[in-house]
Amino acid sequence: MNQPLLSVKNLTIDYIGEEKDFRAVDNVSFDVAPGEVFGLAGESGCGKSTIAFAISRLHKPPALIRKDSQILLAGRDVLDLDPKALAAFRWREVAMVFQSAMNSLNPVLRIEDQFYDVLRTHKGMTKTQARERTAEMLQLVDIAPDRMRNYPHQFSGGMRQRIVIAICMALDPKLVVMDEPTTALDVVVQREILQRINELRKQFGFSVLFITHDLGLMVQFCDRIGIMLQGKLVEQNGAEAIYKTPQHEYTRKLWASFPSLHGGVLL
Ligand SMILES: Nc1ncnc2c1ncn2[C@@H]1O[C@H](COP(=O)(O)OP(=O)(O)OP(=O)(O)O)[C@@H](O)[C@H]1O
């Protein structure tokens, strides 16, 4: 891979306990190329979300990133950013979509004001400029621009999740971290949203770090997949190879537990 966008090297994260520490992420290294979708799979509790939070610098105590861990984004050392650089880094460089992201919208603010908040803070946009950008972004996720005057409760869960994705895209991030972005939604809506994200990715060229329990979705959506077991990345490979010719015993077990998996592509 020439010049990865994201480079995670020897990442080790402990949750500090009163009596002893718990190693949630153990010496994990992987790269994500520009425009690539990289998936992290593995059983519940294996450390996927801990990695996602660390990459966005959203981890909090008791999580502690150990010395010698490195996270580089477009050549910058993410773990070294001071608070000012960090504020600019979030949203503009890395945006995050969580499972419950649709609930992260402020219930008492109109959608246009939520966009305005982000666009004013990060791009210094005026209200008129922000409105234009909001209309453009809503259209990208198939929501009629005139609905920007509405409040979150006037939308379905799937629409709200798409609005959050649109807010994430509004600043043209280089990397979008998606941790179970569609798990709370029904299967049809899930596919629609992922297809839309895929189209946007092709159009804008951002990379995606994708985390889901749904291995079928994972294989269809990702270019490459890393398999995690108890904090360690035990295998990483192209999505098709990791599905058809898994090398690690645990990867084989993981696929075997999803017998209905079919390795088609999403689009
Ligand atoms: N605040 C915390 N304090 C202590 N331990 C934690 C904390 N948050 C997570 N852990 C532990 O760290 C490990 C990794 O958790 P993490 O949420 O990263 O796993 P995951 O693979 O994302 O799981 P899931 O798929 O269920 O979201 C788990 O064993 C979890 O119990």
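Student: Which helix gives the most residues to the shell around the ligand?
Tutor: That's helix 1, with 3 residues in the shell. Keep in mind that this is a predicted model.

Student: Okay, and which residues surround the ligand?
Tutor: Here they are along the chain: Tyr15, Phe22, Ala24, Gly42, Ser44, Gly45, Cys46, Gly47, Lys48, Ser49, Thr50 and Pro62. Two elements give two or more residues each, namely strand 2 (22–32) and helix 1 (48–55).

Student: How many of the shell residues are nonpolar, polar or charged?
Tutor: The shell divides into 6 polar, 5 nonpolar and 1 charged.

Student: New topic! How many residues does the largest nonpolar core have?
Tutor: It has 75 residues. Leu209 and Phe210 have the most contacts inside that core. Helix 5, residues 157–169, supplies the largest share of the core, 8 residues.

Student: Why would nonpolar residues gather like that?
Tutor: As a general trend, nonpolar side chains in soluble globular proteins tend to be buried together.

Student: Back to Leu209. What does Leu209 touch?
Tutor: Leaving out residues up to four places away in sequence, Leu209 touches Val32, Phe38, Leu40, Ala52, Ile55, Leu175, Val177 and Met178.

Student: Now Ser7: where is it found?
Tutor: Ser7 is in strand 1, which covers residues 6–15.

Student: Is Ser7 buried, exposed or partly exposed, and why?
Tutor: Ser7 is partly exposed, because 18 other C-beta atoms lie within 10 Å. A residue needs 20 or more to be buried, and 12 or fewer to be exposed.

Student: What does Ser7 touch farther along the chain?
Tutor: Not counting residues up to four places away in sequence, Ser7 touches Asp31 and Leu72. There is also Leu73: its C-alpha atom is separated from that of Ser7 by 6.5 Å, with the two residues 66 apart along the chain.

Student: What does UniProt place at residues 6–255?
Tutor: An unreviewed UniProt entry places the feature "domain: ABC transporter" there. Over residues 6–255, the chain is 38% helix and 25% strand, and the end C-alpha atoms are 27 Å apart.

Student: Last thing: what pLDDT does the protein chain average?
Tutor: The average is 91, and 97% of the residues score at least 70. For the complex, the predictor gives an ipTM of 0.92 and a pTM of 0.91.

Student: Where does pLDDT stay under 50?
Tutor: Over residues 263–267, where the model has 13 contacts beyond four places in sequence. Where pLDDT is low, the predicted coordinates should not be read in detail.

Key: Residues numbered from 1 in each chain as written. Predicted model: local features only at pLDDT ≥ 70, side-chain atom pairs only at ≥ 80, totals over all residues. pLDDT = per-residue confidence, 0-100. Contact = placed C-beta atoms within 7 Å. Near = placed C-beta within 6 Å. Helix = DSSP H or I, 4+ residues; strand = E, 2+ residues; numbered from the N terminus. Nonpolar A, V, L, I, M, F, W, Y, C, P; charged D, E, K, R; others polar. Core = buried A, V, L, I, M, F, W, Y, C linked by C-beta atoms within 7 Å. UniProt positions renumbered as here; feature names shortened; annotations may be inferred.
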